[in-house]
Amino acid sequence: MTVPSGPALRLSPPSPASPPPRRGRALRLASAVVGAALLATGCNAAAKDEGADKGAGGKEFTLVTPDPVAQNEFLKLAVSGVKAAARKQGGNQKVFQSSDTNSRQQNVQSAVDSAPDVVVLVGFEFADLVAQQAEDHPKQQFLLVDACTKKTYKNVTCAVFREHEAVYLAGAEAGLLSESREVGAVDVLDTPQFRRYSEPFAAGAKKVRAGTSSRTLFVGGQSPFNDAARAKDQAATLASGGADQVMAAAAGGNTGVFQAAKAKGFQAYGVDANQCLTAPGVVVDNVLKKTDVAVEKGVAQILAGKGGSTVSYGLKEGGMSLTGLEPGVGGSKCLIADHDDVLRRVKGLRDDIVAGKLKVDDPAA
């Protein structure tokens with residue numbers, strides 16, 4: 001499931017075996033400022049032809065985003081993925097940026113009308129649209145990322161994520177680094193799919209540090225995905241209760257969590273992209289969801305004639321990770337870079353999860 005967009009956070013949907021409710025969506029940080037030009041609603045205005053990667057007579061791919069890409073790292077990775085797919089095939093790619101329901105509908109129709117080899121869409125907003133288009137255009141191949149249609153179609157391939165695996169590893173870092181043996185999470189809503197960013201965090205901390213306690217507070221309210229003030233208050237409450245390691249799963253409210261961390265002296269964990277760069281000295285690590293990997297591999301799967309299925313991306317497939325487990329962590333400005341001993345322990349846990357020796361419970365299952 002997808003939620004309002006922005007510069008960093010997106011929690012993904014439950015597995016297809018447990019269809020997500022329409023309200024939810026994977027959690028993305030909402031961008032604070034979006035340029036007026038990016039808010040164009042018409043499909044022609046929204047479409048951007050990334051001509052730099054064009055080939056002559058190769059495959060054609062069109063990506064449709066649910067919101068303007070702007071500084072949304074989750075969507076920027078999707079753009080990178082479709083560009084990589086086009087380069088690999090010596091073909092062409094286009095990106096249609098949407099901003100609301102009307103522009104999404106127009107952009108999807110425009111993409112289908114141009115009949116590319118694959119139409120790539122990111123987010124739960126497109127599930128119903130894809131289902132309708134798949135029935136009307138059975139020869140058109142679709143790749144739906146971070147969501148899936150309720151019904152299975154031979155021309156619809158879905159890519160979903162197992163976020164809880166990487167969140168568990170972040171929790172392990174928190175448990176090893178906590179001095180108070182109290183950790184917490186600021187989550188947007190008290191629903192199974194959003195608890196994927198809080199319950200595994202607590203479980204990981206308790207796995208490596210016996211006696212660790214945890215608490216989750218939810219943003220809620222009328223604007224749960226964009227309420228930085230409320231998220232800041234909830235994070236401050238956790239800190240007052242003794243938590244010195246806090247998972248920030250508050251979408252646009254993550255900025256408030258980071259502000260509270262700086263003011264109250266606790267450490268936080270970001271989501272989707274490297275948020276250590278925007279909150280230096282505050283963020284330990286980040287749970288990374290690699291949309292680019294899902295897009296590039298999904299396109300390759302379809303072109304190989306293996307479409308029409310759902311693929312789940314976790315640690316094993318390289319679709320989820322932590323900044324601390326990626327190359328270049330030394331220059332990431334993440335606090336985890338100074339804790340080689342913690343990273344060694346976390347790498348061991350990752351390897352156990354990948355090998356099937358350690359199973360992380362999925363709250364959304």
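Visitor: Which residues of helix α8 are buried?
Guide: In this predicted model, helix α8 spans residues 254-264, and its buried residues are N254, G256, V257, F258, A260 and A261. Buried means under 20% relative accessible area with a 1.4 Å probe, protein chains only. Helices are DSSP runs of H or I of at least four residues, and strands are E runs of at least two.

Visitor: And what covers the buried residues of α8?
Guide: The cover includes two helical or strand neighbours by name, α7 (228-240) and β7, along with β9, β10 (267-271) and β11 (283-289). Contact means heavy atoms within 4.5 Å.

Visitor: What comes just after α8?
Guide: G265, which takes a positive phi of about 85°.

Visitor: Back to those strands. What is the strand order in the open sheet of six?
Guide: The order is β8-β7-β9-β10-β11-β13, and the pairing is mixed. Strands pair if DSSP finds at least two bridges between them.

Visitor: Which strands stand at the edges?
Guide: β8 (213-218) and β13 (320-322). Each has a single partner strand, so one side of each is left without a neighbour in the sheet. From one strand to the next, the twist averages 20°.

Visitor: How many bridges join β7 to β9?
Guide: Five, between residues 182-187 of β7 and residues 245-249 of β9. The two strands run parallel. V183 of the first strand stands opposite Q245 in β9.

Visitor: Different topic. How do the axes of α5 and α10 cross?
Guide: Helix α5 covers residues 163-177 and helix α10 residues 340-354. Their axes come within 10 Å and cross at roughly 150°. α5 and α10 are therefore roughly antiparallel to each other, the cut-off being over 145 degrees.

Visitor: Which residues make that contact between α5 and α10?
Guide: From α5, the residues are E165, Y168, L169, A172, E173, L176 and L177. From α10, they are V342, L343, R345, V346, L349, R350 and I353.

Visitor: Zoom out. How many helices and strands are in the protein chain?
Guide: The protein chain has 10 helices and 13 strands. Of its 365 residues, 56% count as buried.

Visitor: How much area does the protein chain expose?
Guide: About 14,200 Å², of which carbon and sulfur atoms supply 48%.

Visitor: What about contacts between residues at least 6 apart in sequence?
Guide: In the protein chain, 70% of those join residues at least 24 apart.

Visitor: Where do the numbering and the confidence limits stand?
Guide: Residues are numbered from 1 along each chain as its sequence is written. Local features need pLDDT of at least 70, side-chain atom pairs 80 or more, totals use all residues, and side-chain values use heavy atoms without hydrogens or water.

Conventions:
Axes are lines fitted to C-alpha atoms, for helices over the stretch in contact, and angles run from 0 to 180 degrees between N-to-C directions. Buried means under 20% relative accessible area, exposed over 50%, partly exposed in between (1.4 Å probe, protein chains only). Accessible areas come from the Shrake-Rupley method with a 1.4 Å probe; for residues, only the protein chains shown count as cover. Angles under 35 degrees count as roughly parallel, over 145 as roughly antiparallel, 65 to 115 as roughly perpendicular and the rest as oblique.
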